[in-house]
Amino acid sequence: MSTDFHKSYDAIVVGGGHNGLTAAAYLARAGLSTLVLERREIVGGCCVTEEIAPGCRVSTTSYIASMLRPEVIQDLNLAQHGLRMVPCDPAIQVPFPDGQVVPWWANRERAKAEFCKISAKDAETFVRVDDQLKKLARYLQPFFLEPPPEIDTASVSGWTDLFRVGRRFRGISSHEISQLISFLTGSLGEFLDRNYESEKMKTMFLANNVYGKHGGPYQPGTAIGLLFHLLSGGEHELQGFSGHVMGGMGAITQALAAAGRKCGVEIRTSAPVAQIDICNHRARGVVLEDGTEIRARIVLSNADPKRTFLRMVPSGELGEDFLQAIRGIKMDGPCAKVNLVLAEEPRFTGTPTEAAPLERTFYTLVPSLEFAERCYDIAKFGEIPEELWVDCVVSSNADDSLAPRGKHILTCFVQYVPYRLRQGTWDENRDLLGDRVVRKIVEYAPNVPNAIIARQVLTPLDLERTYCLTEGNIFHGDLRLEQLFFMRPVAGWSHYRTPIDGLYLCGAGAHPGGGVTGAPGHNAAHQALRDWKKGRFKRTAG
Ligand SMILES: Cc1cc2nc3c(=O)[nH]c(=O)nc-3n(C[C@H](O)[C@H](O)[C@H](O)COP(=O)(O)OP(=O)(O)OC[C@H]3O[C@@H](n4cnc5c(N)ncnc54)[C@H](O)[C@@H]3O)c2cc1C
């Protein structure tokens, strides 16, 4: 066993995902000597750009930046470190089996005019619902960048927290409260059935929601995505912003790493942490897989809660109740990713010939709510559905530097698939999944199969093995009401602290959850800094 005590740090961040890098940058900016230890040979976690064929770069996992917090972009000067995003316009686009392609334009009047072609009544409803959703989303917005309230009426801090929440809702009417509760608990499908007459219009909303989470659109709790997608994002704080990142999603984490280094963050890659080093119930560093010990006064884990508490914290350090709660977190990742390099641009039937490249970039292949519901039902019993919901982005049309001239990148997010297969293994079924995805695409873009030069299939098992996502869950824990807000990662521990003094959780498993937001990293760093300023982590001997 080797020791690396000649240099100890104020803070070690385990994991160089975008949240770990965000946390590290804020800590270093506040003057803490900070080390990031990343298991892989590159930083970024599931916000990366990787070469999958010579000269062909792809956002292998996450692929659209929709909720990256404007405050993080500005505080860390990410634009100066090379981050550039181009708004997705259309924000989404759905080709239907009858050949009609419906874009959802970023400009509301333009979107309304487009939806009028489907149903004049629904186009009017769209404006009313959009206003309603945007207003409600504004109430939730502030909670993103602050710890959720710890409901504890036996303590002063519990009452202070409740007061803080109450102030956030100042001015809300009882009608809005009931709307808010029904969006938080209700189903997307029933909401859409109540409000829209056209199946195509309902499908447009479906295509913009329920990504990565458990549950078909008729399951309670699926309407919440309607509000999440209207939180403001991007450099200019636009409500409902979504963007293509120039250079792929890895440009976000490269910018975060550069911002951190500028403040003094040290980043080591190929440095897997085996264990959090704990003495007297207090974190005092880490032990790498090669046995190297590194000391720090605080440790922040960017790994998911199960990996952190069930693998890295030595057994015996945590109480059984806490461990039981962590084991109970619903993960079971329901998604996969298929990345393709093509010898020509995919031609989606029904796309107008005059469409600009950016308008030929985003295609969501999901024909109806019933289709999606059936797909989830099949997957939840451990089968790979014959018919899949595939979200396609021709990212080389948004950024032609991603592939050599003439070649194209088609990155495809797939749901729903099971993490646990009823029969066989994912290693045996990887090609079958890839084939089914291509078979779905061919219904809409017939030239794709003959144009494939390279294909990368990432099953839920691959997401676990390569990207270190326990059970392949892309959000470090399903985004369901009982796993959100003051119940994330588990009730009683939503303030980024953990039962181990000096150990914090800073990844998507903490509030406000998954997606490329930077919010958990930002919030965890600020919590640690508040504790630091109170002098909780004074250096001790040993
Ligand atoms: C296929 C897929 C598609 C997605 N699409 C989108 C999308 O389009 N838009 C969006 O906003 N979000 C999307 N997401 C979700 C989003 O990418 C994640 O929720 C988010 O990136 C999580 O960030 P994080 O920093 O919290 O964790 P991660 O990105 O998971 O980073 C954790 C890091 O910790 C490292 N690590 C773990 N254990 C150790 C250890 N023992 N030692 C050292 N390092 C360790 C890991 O290697 C990893 O780098 C997608 C995710 C996936 C997988």
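Hi everyone, let me start in helix 13, which is where C375 sits. This is a predicted model, by the way, so please keep that in mind as we go around. C375 has a relative accessible area of 2%, and because anything under 20% is called buried, this cysteine counts as buried. What does C375 touch, leaving out residues up to four places away in sequence? Its contacts are P385, E387, L388, W389, Q415 and Y416. If you want a distance to check on your own screen, the C-alpha atoms of C375 and T459 are 16 Å apart, with their positions 84 residues apart along the chain.

Staying in helix 13, which spans residues 369–380, we also find K380 and D377. They are 3 residues apart, about one turn of the helix, and their side chains meet in a salt bridge with an N to O distance of 3.1 Å. How accessible are these two? K380 is partly exposed at 42% relative accessibility, and D377 is partly exposed as well, at 28%.

That brings me to charge pairs in general. Side chains of opposite charge can pair when their charged atoms come close. In this model the count comes to 41 salt bridges, and I picked a few for today.

Take E114 and K117, whose side chains form a salt bridge at 3.1 Å, N to O. Is each partner buried or exposed? E114 is buried, with a relative accessible area of 14%, whereas K117 is exposed at 59%.

Next is D332 with R420, where the closest N and O atoms of the salt bridge are 2.2 Å apart. D332 belongs to the loop between helix 12 (320–327) and strand 15 (335–342), and R420 to the loop between strand 18 (408–415) and helix 15 (426–442), so this pair ties together parts that are 88 residues apart in sequence. R420 is partly exposed, with 48% relative accessible area. Both residues also belong to a network of salt bridges that links K306, K330, D332, R420 and E471.

Now over to a threonine. T49 is in the loop between strand 2 (34–37) and strand 3 (50–53). A polar atom of its side chain lies 2.8 Å from the backbone oxygen of G247, and a polar side-chain atom of T49 is also 2.8 Å from the backbone nitrogen of G250. Looking at contacts beyond four places in sequence, T49 touches R57, V58 and S59, along with G247, G248, M249, G250 and A251.

Finally, the ligand, which I suspect many of you were waiting for. Which residues come nearest to it? Of the 33 residues around the ligand, those are N19, E38, I64, I474 and V516. The shell divides into 17 nonpolar, 12 polar and 4 charged residues. Helix 1 (18–29) and helix 11 (305–312) each supply at least two residues of that shell.

For the polar contacts, a polar side-chain atom of H18 is 3.1 Å from a ligand oxygen, and one of N302 is 3.2 Å from a ligand oxygen. V273 uses its backbone instead: an N or O atom there lies 2.9 Å from a nitrogen of the ligand. As for coverage, the ligand on its own has 1,000 Å² of accessible area, and the protein covers 96% of that.

That's my tour, and thanks for listening!

Key: Residues are numbered from 1 along each chain as its sequence is written. This is a predicted model: local features need pLDDT of at least 70, side-chain atom pairs count only at pLDDT 80 or more; totals for chains, interfaces and linings use all residues. Side-chain values use heavy atoms; hydrogens and water are left out. A residue is near a molecule or strand if one of its heavy atoms lies within 4 Å of it. A polar contact is a pair of N or O atoms within 3.5 Å; within protein, one must be able to donate a hydrogen and the other to accept it, and residues adjacent in sequence count only if both atoms are side-chain atoms. Accessible areas come from the Shrake-Rupley method with a 1.4 Å probe; for residues, only the protein chains shown count as cover. Helices (H or I, at least four residues) and strands (E, at least two) are DSSP runs, numbered from the N terminus. Ala, Val, Leu, Ile, Met, Phe, Trp, Tyr, Cys and Pro count as nonpolar, Asp, Glu, Lys and Arg as charged, and the others, Gly among them, as polar. A salt bridge is a side-chain nitrogen of Lys or Arg within 4 Å of a carboxyl oxygen of Asp or Glu. Buried means under 20% relative accessible area, exposed over 50%, partly exposed in between (1.4 Å probe, protein chains only). Contact means heavy atoms within 4.5 Å.
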